[in-house]
Amino acid sequence: MSFSRREAAQLLFAAPAAALALKPGLAAALTPVRPNSKWAGVQVGLNVPYSFGTRTALSAEQVLHRTVALGISAVELRIQPIEISLGLPQDLVLGPAPSDYRAVYYPKGDSPEILPPAPGRTTITQDYVDTYKIDAARRRDWRLGLPIRSVEKIRRMYDDAGVRIEIVKFDGINDFEGEELDYMFDLAKAIGARAVSGEMAIPAIPKLAAAAGKHRFMVGLHNHLAITPAMWEDAFRQSRYLGANVDIGHFLAGNQTSPLPFIKQHHDRITHLHVKDKTLANVNVAFGAGDTPVREILQTIRDNKWDIQATIEYEIPLDPAADRDAEIRKAIAYCRRCLLG
């Protein structure tokens, strides 16, 4: 029996999660056509499940099924789906840490613990901070009791489906200490990734540099508007294992200049890109409609044969009734045209 990609995706979504859980050969059996999003030597990936509009609602199985249906063959996978599939209690499946929000707006570490309200900013209350700290401590205990080898089941499931987990994204990376830092690196290695990523907060860089050096494993420091090239360059000097997860849209809007010169200069320290199109006024728009030089960046990676995953991060606001996957397909198709045109 054979299935089209569309039929396979429908079957996978219809099947009970318990029946699907961690069966390595299932995805391959139901999807005889393996996904391929590597064009002209450039691996185009997808930030998941964030691009699907969630961080915490999908398991690793559900993320994989949707990724395969889109024809994507490499991902930056957030930690939440992985841990959901490994049995993390639902009440401990946490979103961004308060420290992540502070890093976005105050990467130098000069923020108050509770950010003042601002337009477009998630409201953080003292109750939220207190509750997060309690739940994060419980989650840490769960993590430290997890046999790391159990992660290999997810690796085999993704491998069987033809999807590479190249980067694992952790929320709260700047809060981790000691054994939880070890857990982060050990899990990423076991799942077959080549880097971890997290929000860039300058006070935590020496700690991350030491841990990355200990594990000899790359950390991609992610930028929002406040991150400058000089901040990354200072981090690079602290460890050969600290790199940049360059969000090209945030770079453009935050620095009011193209990220291409930085990418050219530091291509060997870039773990992956977040590919989106923004205007200089910091508005997310359809690929090709903004000021971000998406085409030029993709073609520069292609022409220089750099091993940099071009990770689509879809965050254009959509009407709740919109077909999100159809819109993501448009972004994928745009990147394909850029590389093959």
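This report walks through the overall build of the chain, one helix pair and a few backbone oddities.

What you're looking at is a predicted model, where local features need pLDDT of at least 70, side-chain atom pairs count only at pLDDT 80 or more, and totals for chains, interfaces and linings use all residues. Residues are numbered from 1 along each chain as its sequence is written, and side-chain values use heavy atoms, with hydrogens and water left out.

**The whole chain**

Let's start with the big picture. The chain has 15 helices and 11 strands; these are DSSP runs numbered from the N terminus, with helices (H or I) of at least four residues and strands (E) of at least two. Its C-alpha trace spans about 60 × 50 × 40 Å along the principal axes. For 341 residues, a compact globule would have a radius of gyration near 20 Å, and the chain agrees with its 19 Å. That radius is taken over C-alpha atoms, and the globule rule is 2.2 Å times the number of residues to the power 0.38.

Of the 341 residues, 57% are buried (under 20% relative accessible area, with exposed meaning over 50% and partly exposed in between, using a 1.4 Å probe and protein chains only). Take the contacts (heavy atoms within 4.5 Å) between residues at least 6 apart in sequence: 76% of them join residues at least 24 apart.

**Helices α7 and α9**

Now zoom in on helix α7 (residues 126–144) and helix α9 (residues 178–190), which pack at an angle of about 60° with their axes 10 Å apart. Axes here are lines fitted to C-alpha atoms, for helices over the stretch in contact, and angles run from 0 to 180 degrees between N-to-C directions. On the α7 side, R139, R140, W142, R143 and L144 make the contact, and they meet E179, E180 and Y183 of α9. Sorted by type, the residues of this contact are three nonpolar, no polar and five charged (nonpolar is Ala, Val, Leu, Ile, Met, Phe, Trp, Tyr, Cys and Pro; charged is Asp, Glu, Lys and Arg; the others, Gly among them, are polar).

**Backbone oddities**

A cis peptide bond, with omega about 0°, joins V48 and P49. You'll find P49 in the loop between β2 (42–48) and α4 (60–69).

Two other loop residues have a positive phi, though neither is a glycine:

| Residue | Phi | Loop | Relative accessible area |
|---|---|---|---|
| A40 | about 55° | between β1 (38–39) and β2 | 40%, partly exposed |
| Q256 | about 55° | between α12 (248–255) and α13 (260–265) | 48%, partly exposed |
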